[in-house]
Amino acid sequence: MKQYVRYFKWYFVLVGLLAAVYGGILLVHGSSDFGERRNGECLTEERVFDYGGVLSEKEERRLRELIQRRERQTGCDIVLVTLNESLKEYARGKEPDVPYGEFVRVFAEDFYDENGFGYDKPVGDGVLLVDNWYREDDGNVYTWLCVVGRPDLKYGLEGMNCLLDNVYRYVERSPYRAYRTYINEFYHDMTGSGRNTAYLAGKDALPFAVALAGMLLFLVFHWSSKKGQKTVTASTYVEGGKPRLYRKEDVLVNTVVTKRRIQTDGGHGGRSGSVGGRSSGTHGHGGHHGGAGRHR
């Protein structure tokens, strides 16, 4: 056992060093503070708009306190809106052909722009979740996640879907828990310390790249120092020092080669409940927004 540990000790040391470096990067990356908000033109300091009346005053206060902390850590405005009314007339007054699943998208983009949200500037870095509890004529209740600025660049559709999945896990049983999850998941995604990181299109690959580079450098220097140390010859393990050659042939009796075409789904698919995708940039005020939706 001691011999085994001694042989692999450098690998144990390497793994420990990489773990320490990776942990340090995550610690620094996750504890960032973007300082004071630079947007002086936003029309409101409110972040929790419970128009749907699904939260208690205590829950609203706790969400505001959490948002205040997470905004400094992410450098993004974090906004929550609940509704309990039809958006059909509003949305189709803006976009006559908009489908049911995007009524809430039209409202979300307008709400963000008209209030001038954005941590760095009006209509700047931030995220907005609109959860409308009203059941529209098609029988569904709709939610939309709107991302602007850095979050729009950060998130892919899979990342937004994952965040919405986590919100929908709790929303019917505990709206407060669902909205708290939204805030915390966004924070983790933006700082690269969350479960959703794998969905964010490689945007948080820096810690992995550093760890990989360190490992490769170690292996290069470690093995180059052993290069040229010849410890055996061609006859080291040959009896009497003279090799004996045996003739051995593999006879190929029969060969059958088959080809089978594997059918693949050329479409992109999607999870049940997804009602939309990334905004094309043709809506709202100049195409600032990305986003994804859900229905229940």
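Accessible area here is the Shrake-Rupley kind, rolled with a 1.4 Å probe. On that basis the protein chain exposes about 18300 Å², with carbon and sulfur atoms supplying 54% of it. Keep in mind as you click around that this is a predicted model.

**Stop 1: the whole chain**

Show the cartoon and colour by secondary structure. You should find nine helices and five strands. Going along the sequence, the order reads α-α-β-α-β-α-α-β-β-α-α-α-α-β. Now colour by burial: of the 296 residues, 41% count as buried. If you draw contacts between residues at least 6 apart in sequence, 70% of them join residues at least 24 apart.

**Stop 2: the largest pocket**

Switch to a surface and look for the largest pocket, which holds about 380 Å³ of space. Its lining takes in 17 residues, and the closest to the pocket's centre are Arg-37, Glu-45, Arg-47, Gln-68 and Glu-71. Colour the lining by class and you get three nonpolar, five polar and nine charged residues.

**Stop 3: salt bridges**

With side chains shown as sticks, turn to the charged pairs. Side chains of opposite charge can pair when their charged atoms come close. The count for this model is 16 salt bridges.

Select Arg-72 and Asp-33 to begin with. Their closest N and O atoms are 3.1 Å apart, and they form a salt bridge. Arg-72 is in helix α3 (residues 57-74), while Asp-33 is in the loop between α2 (9-30) and β1 (48-50), so this pair ties together parts 39 residues apart in sequence. Arg-72 has 29% relative accessibility, so it counts as partly exposed.

Next, select Asp-77 and Arg-37. This salt bridge has its closest N and O atoms 2.6 Å apart. Asp-77 belongs to strand β2 (residues 77-83) and Arg-37 to the loop between α2 and β1, so parts 40 residues apart in sequence are tied together here. Is Asp-77 buried or exposed? Its relative accessibility is 0%, so Asp-77 counts as buried. Arg-37, at 26%, counts as partly exposed.

For another pair, go to Lys-88 and Asp-137, whose side chains meet in a salt bridge at 3.2 Å, N to O. Lys-88 sits in helix α4 (residues 88-94) and Asp-137 in the loop between β3 (126-132) and β4 (142-148), so the bridge ties together parts that are 49 residues apart in sequence. Lys-88 counts as partly exposed at 26% relative accessibility, whereas Asp-137 counts as exposed at 57%.

Before you move on, select Arg-37, Arg-47, Glu-71 and Asp-77 together: salt bridges that share partners join these four into one network. You've met some of these names already, since Arg-37, Arg-47 and Glu-71 are among the residues closest to the centre of the largest pocket.

**Stop 4: an enclosed space**

Which residues line the largest cavity? Select Leu-87, Tyr-100, Phe-103, Val-104, Asn-132, Glu-136 and Tyr-142 to see its walls. By class, that lining has five nonpolar, one polar and one charged residues. The space inside is about 30 Å³, and the count of cavities of 30 Å³ or more comes to one.

**Stop 5: Leu-55 and its neighbours**

Centre the view on Leu-55, in the loop between β1 and α3. Buried here means under 20% relative accessible area. Leu-55 comes in at 11%, so it counts as buried. What does Leu-55 touch, leaving out residues up to four places away in sequence? The list is Val-48, Asp-50, Glu-60, Leu-63, Leu-80, Pro-175, Tyr-176 and Tyr-179. Draw a C-alpha to C-alpha distance from Leu-55 to Pro-175: the two are 120 residues apart in sequence and 7.2 Å apart in space.

**Stop 6: Asp-189**

Now follow helix α8 (residues 175-191) along to Asp-189. With 0% relative accessibility, Asp-189 counts as buried. Try another C-alpha to C-alpha distance, this time to Pro-151: it should read 9.3 Å, for residues 38 apart in sequence.

**Last stop: a backbone angle**

Finish at Val-123, in the loop between α5 (103-115) and β3. Check its backbone: phi is near 55°, a positive value in a residue other than glycine.

Definitions and conventions: Residues are numbered from 1 along each chain as its sequence is written. This is a predicted model: local features need pLDDT of at least 70, side-chain atom pairs count only at pLDDT 80 or more; totals for chains, interfaces and linings use all residues. Side-chain values use heavy atoms; hydrogens and water are left out. On a 1 Å grid over the protein atoms alone, a cavity is a set of points where a 1.4 Å probe fits but cannot get out, and a pocket is an open set with protein on both sides within 12 Å along at least five of seven lines; lining residues have an atom within 4 Å of a point. Grid points are joined across faces, edges and corners, and a volume is the space filled by probe spheres set on the points. Ala, Val, Leu, Ile, Met, Phe, Trp, Tyr, Cys and Pro count as nonpolar, Asp, Glu, Lys and Arg as charged, and the others, Gly among them, as polar. Helices (H or I, at least four residues) and strands (E, at least two) are DSSP runs, numbered from the N terminus. Buried means under 20% relative accessible area, exposed over 50%, partly exposed in between (1.4 Å probe, protein chains only). Contact means heavy atoms within 4.5 Å.
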